[in-house]
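Reader: I would like to go through this model contact by contact. Please keep the reasoning short and end each reply on what I asked for.

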Amino acid sequence: MLTTTIQDGVAILSIDNPPVNALSSAVCQAMIDALAGGNDDASVKGFVITGNGRGMFSGGADITEFATILRERKANVRDAVDAAERSAKPIAAAIDGRALGGGLELALACDLRFATPLSQFGFPEIKLGLIPGAGGTQRLPRVLKGGSMEGVIAALELILKGDPIDAERAEALELIDGVGADAVPRAAEAIRRFTGARRRVSERSASAYPQVFSEGHKRVPPEDRGGFAAHKALDAVEAATQWPFNHGIARELRYFLELLTGSESRAYQHIFFAERELGKIPGIPTDGAVRPIRRAAVIGAGTMGSGIAITFANAGVPVSVLDASKEAIERGRATIEQSYADQVKRRRLSEEEAKRRHGHVHFIERFEDVADADIVIEAVFEDLAIKKEVFAKLDAVAKPDAVLATNTSTLDVDAIASATSRPQQVIGMHFFSPAYIMKLLEIVRGKASSPQTIGAAIALAKKLRKVGVLVANCDGFVGNRMLAPYFREAAHLLEEGALPQQIDAAMTDFGFAMGPFAVSDLAGVDVGARIRAEREKAGRLGAGRVPRFDVLLFERGRFGQKTGAGFYRYDTGERIPKPDPEVEALIVAESRELGIERRSIGNDEIVKRCVYALINEGANVLYDGIALRSSDIDIVWIYGYGFPPFRGGPMYYADTLGLKRVLAEVERFHGEFGVRWKPSPLLVELATTGKTFSSYRPALTEVAP
Ligand code: NAD
């Protein structure tokens with residue numbers, strides 16, 4: 001937990017709580033005891049607090065203890081920080097790695113801070129809908145740039161963005177007093193030479209014009225749209241500039257507790273724990289027990305193939321790319337080159353790093369050349385016959401234990417696997433576009449996919465720094481299957497009286513990153529129209545009459561952003577959707593043709609119908625065993641489809657509304673709009689027995705094949 005060694009009169013307190021040196025209750029108590037012990041020991045001149053030399057000073061509070069700490073009154077980070085503040089003897093922090101959240105707050109309660117060159121400093125609390133709660137909002141503005149306005153602004157940026165800064169920047173901001181590999185001996189020496197009174201940060205002051213805060217409030221989202229924590233952070237830092245330290249600290253604590261028990265932070269905590277659940281699948285081998293992926297190959301150098309190749313290269317995995325068309329290879333080569341050049345230009349990557357990563361991508365011309373790959377990912381046209389042909393070829397040349405993956409969005413993974421003699425090694429890996437940016441990866445297990453293959457795909461997702469969600473094989477898997485009724489409901493609203501811009505505005509106001517029609521234009525109206533045609537052929541279009549705006553736009557060559565017109569129009573070279581009178585005329589004509597009298601539709605109705613359509617289909621996805629648990633569905637929608645994270649995902653959101661209430665509305669819509677609103681049997685079951693989606697656990701053990 002914490003080891004204490006005395007070196008020439010200085011007590012070195014090393015936090016030792018792998019993997020992230022979290023300041024758990026036990027560590028905090030040990031810190032309090034060690035500081036008390038050293039203060040009572042006349043031979044101790046002062047303290048150095050450091051990590052364990054494994055790249056982590058401290059990752060901050062232990063989030064799994066949040067709930068119990070409130071209830072059980074055990075020692076927490078705030079108590080440890082208070083003990084450091086009260087210590088009569090001086091303390092230096094020797095930051096030897098990442099100092100995040102409570103870790104940084106502890107360092108800020110020290111008199112001096114030294115750091116090793118690779119250290120990082122940050123307050124990630126905002127990403128959990130919180131603010132620093134152990135003095136961070138009060139001490140940071142007092143430290144940076146001597147508490148000047150420039151320092152206060154920098155403190156706000158750190159707290160509001162939640163991204164860490166490096167040692168160079170930290171030194172420039174005066175957060176630390178020195179950088180060097182010798183941080184620990186240097187800190188110890190500084191304590192030995194320490195003279196005079198302690199140099200407590202709490203005794204300094206910070207100042208800034210009030211406009212800094214009023215401007216800040218304008219720039220963050222409203223309190224009820226994911227901005228609650230940001231507004232509280234601004235208020236807390238403002239208090240640091242105006243009130244005595246003790247008053248500011250009290251205010252910070254009040255805000256912190258209010259946030260911790262508020263709906264926004266609870267939603268973020270739900271996502272945090274949902275991510276940790278993802279990898280827990282009974283019967284599936286984890287990281288150490290699966291064959292590692294050292295080399296990859298990608299078939300198809302189009303939009304997805306190039307993006308997937310970049311993803312591998314970024315993770316340091318050599319990747320070979322093959323395409324049937326010479327032009328496609330040239331285009332793919334140019335896309336990849338351009339992507340790295342852009343990242344250098346935007347200073348996201350150094351030139352050397354871009355070169356190193358780019359060096360992992362090779363283009364190949366023959367299928368035989370994939371023989372050394374541990375995984376082959378197919379990203380050719382969305383056409384079952386072509387995909388089967390590709391898999392038959394791969395079966396002949398890939399090494400015996402290679403994983404054969406398809407990036408299909410809608411096709412049957414089992415049908416694709418049937419083209420090989422080794423269906424147990426076939427799996428879906430559904431990346432999202434752009435593949436090297438979007439975090440979501442749906443891992444689609446086929447009927448025959450072996451635990452080893454599934455385990456390899458899950459481990460690979462981690463290596464590629466993706467959020468990998470294991471789902472079962474069905475039309476659209478989890479994400480696109482739920483997208484269909486969501487888009488469909490939006491289209492029905494068009495027929496009844498709404499316009500694309502109104503629906504999109506209502507959904508972004510609810511918190512979605514983009515509205516359904518802006519998304520359609522981005523993804524391609526043509527893509528949607530083609531999928532619809534396939535579904536129609538297969539008799540899988542859905543119950544009742546399905547609106548046909550995608551077909552009407554497709555017929556007019558309005559494919560979305562790529563043709564400068566879709567549900568909106570776009571000025572040349574621009575991506576800003578502009579309402580188009582032509583589309584409005586088309587919508588009004590369609591209503592007339594259908595004999596629907598257009599009416600004025602409120603935003604409440606729009607949001608309710610679109611979101612409840614999602615929830616009802618999510619319940620079906622769960623009922624059918626396509627997702628393992630409701631939180632997996634939340635992850636898919638937050639990371640792949642821009643569902644507002646502060647609402648925790650569609651299923652969590654439904655739980656917070658109460659399933660009884662959701663069912664009542666779905667039943668009402670069923671009565672009003674007919675068969676497409678048939679309540680999911682699972683929704684009925686859970687609502688009538690007073691349960692939640694989160695409590696529903698389909699027999700997990702049965703999932704592993
Ligand atoms: P694309 O048309 O941009 O690229 C497909 C590439 O495959 C083309 O370069 C083509 O020359 C090549 N190809 C076709 N047949 C081939 C063969 N027999 N051998 C080798 N190469 C062949 O398509 P895309 O958008 O990259 O989509 C690829 C796959 O990814 C599809 O299955 C699609 O459904 C899926 N997907 C697409 C997206 C998206 O947003 N575009 C998202 C997720 C999944």
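Author: The questions below cover the domains, the ligand shell, the strands and the salt bridges of this predicted model.

Reader: Into which domains is the protein divided, and how far apart do the C-alpha centres of domain 1 and domain 3 lie?

Author: The assignment gives domain 1 as 2–261, domain 2 as 292–476 and domain 3 as 480–689. Between the C-alpha centres of domain 1 and domain 3 the distance is 45 Å.

Reader: Which residues come nearest to the ligand?

Author: The ligand has 22 residues around it. Those that come nearest are M304, D323, E382, K387 and S409.

Reader: Which polar atoms of D323, A324 and N407 lie by the ligand, and how much of the ligand's accessible area does the protein cover?

Author: The side chain of D323 has an N or O atom 2.6 Å from a ligand oxygen, and the side chain of N407 has one 2.9 Å from a ligand oxygen. A324 takes part through its backbone, where an N or O atom is 3.1 Å from a ligand nitrogen. On its own the ligand has 830 Å² of accessible area, and the share covered by the protein is 79%.

Reader: Which element gives the most residues to the shell around the ligand?

Author: At least two shell residues each come from α13 (303–314), α16 (384–397) and β18 (426–431). The element that gives the most, with three residues, is α16.

Reader: Is T410 buried or exposed, and with which side chain does the T410 side chain make a polar contact?

Author: T410 sits in the loop between β17 and α17 (413–417). Its relative accessible area is 14%, which is under the 20% limit, so T410 counts as buried. At 2.6 Å, the T410 side chain makes a polar contact with the side chain of E382.

Reader: How many residues of β18 are buried, and which of them point which way?

Author: In a regular strand, side chains alternate between the two faces of the sheet. β18 is mostly covered, with six of its six residues buried. One way point V426, G428 and H430, and the other way point I427, M429 and F431.

Reader: Which strands pair with β18, and which residues stand opposite I427?

Author: β17 (residues 403–406) pairs with β18 in the parallel sense over three bridges. β19 (residues 440–445) runs antiparallel to β18, joined by five bridges. Opposite I427 stand A405 in β17 and R445 in β19.

Reader: What is the strand order of the open sheet of six strands, and which strands stand at the edges?

Author: The order is β1-β2-β4-β7-β9-β12, and the pairing is mixed. Each edge strand has a single partner, so one side of each is left without a neighbour in the sheet; these strands are β1 (2–7) and β12 (178–179).

Reader: In which sense do β4 and β7 pair, and what is the bridge partner of F47?

Author: Strand β4 (residues 46–50) and strand β7 (residues 91–95) are parallel and share four bridges. Within β7, the bridge partner of F47 is I91.

Reader: How many salt bridges does the count come to, and how many residues apart in sequence are the parts that R78 and E252 tie together?

Author: The count comes to 50 salt bridges. One of them joins R78 to E252, whose closest N and O atoms are 3.2 Å apart. R78 lies in helix α3 (residues 77–86) and E252 in helix α11 (residues 245–260), so the parts tied together are separated in sequence by 174 residues.

Reader: Are R629 and E277 buried or partly exposed, and how many residues apart are they?

Author: The R629 and E277 salt bridge has its closest N and O atoms 3.8 Å apart. R629 is buried at 2% relative accessible area, while E277 at 24% is partly exposed. R629 is in the loop between α25 (603–623) and α26 (630–641) and E277 in helix α12 (residues 263–278), and the two are apart by 352 residues.

Reader: What separates R356 and E353 in helix α15, and which residues do shared salt-bridge partners join into one network?

Author: R356 and E353 form a salt bridge, with the closest N and O atoms 2.8 Å apart. They are three residues apart in helix α15 (residues 351–358), so what separates them is about one helical turn. R356 is partly exposed, at 45% relative accessibility. The network joined by shared partners consists of E489, E496, R599, E605, R609 and R676.

Definitions and conventions:
Residues numbered from 1 in each chain as written. Predicted model: local features only at pLDDT ≥ 70, side-chain atom pairs only at ≥ 80, totals over all residues. Heavy atoms only, no water. Salt bridge = Lys/Arg side-chain N within 4 Å of Asp/Glu carboxyl O. Buried < 20%, exposed > 50% of the residue type's maximum accessible area, 1.4 Å probe, protein only. Pairing = 2+ DSSP bridges. Domains from an automatic or database assignment. Near = heavy atom within 4 Å. Polar contact = N/O pair within 3.5 Å; in protein donor to acceptor, adjacent residues only side chain to side chain. Areas by Shrake-Rupley, 256 points an atom, 1.4 Å probe, with all protein chains shown as cover.
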